[in-house]
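Trainee: Please take me closely through one part of this model, starting from a single side chain in its interior and working outward to the cores and pockets around it.

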Amino acid sequence: MKQFSSQSWEDINGIEVFPFDRLQPDQQQAVAQSIADYTQAQAETEKIVAVEPQTVLHKQLAHVALKHGEVIGYVGAGDPVQHGKFSMTQVGTLCVWPEHRGNTIGYRLVKGLTTDLRRMGQHPYAFCNPRRIKVFREACYVDVTPDKLPPDAFSPFGNQAMAVTVSRCGRLV
């Protein structure tokens, strides 16, 4: 994983949201395994792509949510792809463990990752299932048509294509 870190958020319930690269290497392995286990168990019901630990470890950038050291959420970003004049990056595998939903964890994960990507000069996009669209809209994503995305971008579940728009939320960086 490339080293680029933004702010961290911690709330009074002991929930921390921060860039994955801030974890120690042994913690990264354990967290990656936990994320892989979750996505593999929930892929069909959550309409997310199941990932392997190595996929998590090799993301360009990712953010993780921990509560008292235990993984409760994750979102990652792939490598950028040139599309026209833009360097575009797919954001995906947003997952928040069910017992921790409704606490803005998903929003904090997506907003933190999106802010970091924008600071790096990248234009994030995502494919959102119906349960995650609201989170991405709150983080300044809007619905887009497939022609606005790189030609090889697709969703295996037919989810809604979305991309960040600065004009909707003002300056992101």
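**From one cysteine outward**

Mentor: Cys 95 is buried, its relative accessible area being 0%, where buried stands for under 20% relative accessible area, exposed for over 50% and partly exposed for what lies in between, computed with a 1.4 Å probe on protein chains only. Please keep in mind that this is a predicted model, in which local features need pLDDT of at least 70 and side-chain atom pairs count only at pLDDT 80 or more, while totals for chains, interfaces and linings use all residues. Residues are numbered from 1 along each chain as its sequence is written, and side-chain values use heavy atoms, with hydrogens and water left out.

Cys 128 is likewise buried, at a relative accessible area of 2%, yet a search of the whole structure finds 0 disulfides, a disulfide being a pair of cysteine sulfur atoms within 2.5 Å. Around these two residues stands a protein of 173 residues, 51% of them buried, with 5 helices and 9 strands; these are DSSP runs numbered from the N terminus, H or I of at least four residues for helices and E of at least two for strands. Along the sequence they follow the pattern β-β-α-α-β-β-β-β-α-β-α-β-β-α. Among contacts (heavy atoms within 4.5 Å) with a separation of 6 or more, 62% join residues 24 or more positions apart.

In soluble globular proteins, nonpolar side chains tend to be buried together. Here the largest nonpolar core, meaning a set of buried Ala, Val, Leu, Ile, Met, Phe, Trp, Tyr and Cys residues joined through side-chain atoms within 4.5 Å, holds 24 residues, of which Val 91, Leu 109, Phe 136 and Tyr 141 touch the most other members. At least two residues of this core come from each of β2 (15–19), β3 (61–67), β4, β6, α3, β7, α4 and β9 (160–164), and α3 gives the largest share, 5 residues. Leu 109 brings us back to the starting point, since leaving aside residues up to four places away in sequence, Leu 109 touches Cys 95 together with Val 17, His 63, Val 64, Ala 65, Gly 73, Tyr 74, Val 75, Leu 94 and Val 96. Cys 95 itself belongs to a second, separate core of 18 residues, which also includes Val 31, Tyr 38 and Val 71.

Which residues lie nearest the centre of the largest pocket? They are Val 49, Gln 90, Val 91, Gly 92 and Thr 93, out of 33 lining residues. A pocket, on a 1 Å grid over the protein atoms alone, is an open set of points where a 1.4 Å probe fits, with protein on both sides within 12 Å along at least five of seven lines, and its lining residues have an atom within 4 Å of a point. The volume of the largest pocket is about 620 Å³, taken as the space filled by probe spheres set on the points, which are joined across faces, edges and corners. β4 (70–77), β6 (86–96) and β7 (123–128) each supply at least two lining residues, and β6 gives the most, with 7 residues. By class the lining has 18 nonpolar, 10 polar and 5 charged residues, with Ala, Val, Leu, Ile, Met, Phe, Trp, Tyr, Cys and Pro counted as nonpolar, Asp, Glu, Lys and Arg as charged, and the others, Gly among them, as polar.

Thr 93, which sits in strand β6, deserves a careful look, for its phi is positive at about 55 degrees although Thr 93 is not a glycine; this residue counts as buried at 14% relative accessibility. His 68 also has a positive phi, near 50 degrees, but lies in the loop between β3 and β4 and counts as exposed at 65%.

The second largest pocket contains about 350 Å³ of space and is lined by 18 residues, with Arg 101, Gly 102, Gly 106, Arg 131 and Val 135 nearest its centre. β6 contributes at least two residues to this lining, as do α3 (105–119) and α4 (133–138), and the lining divides into 7 nonpolar, 5 polar and 6 charged residues.
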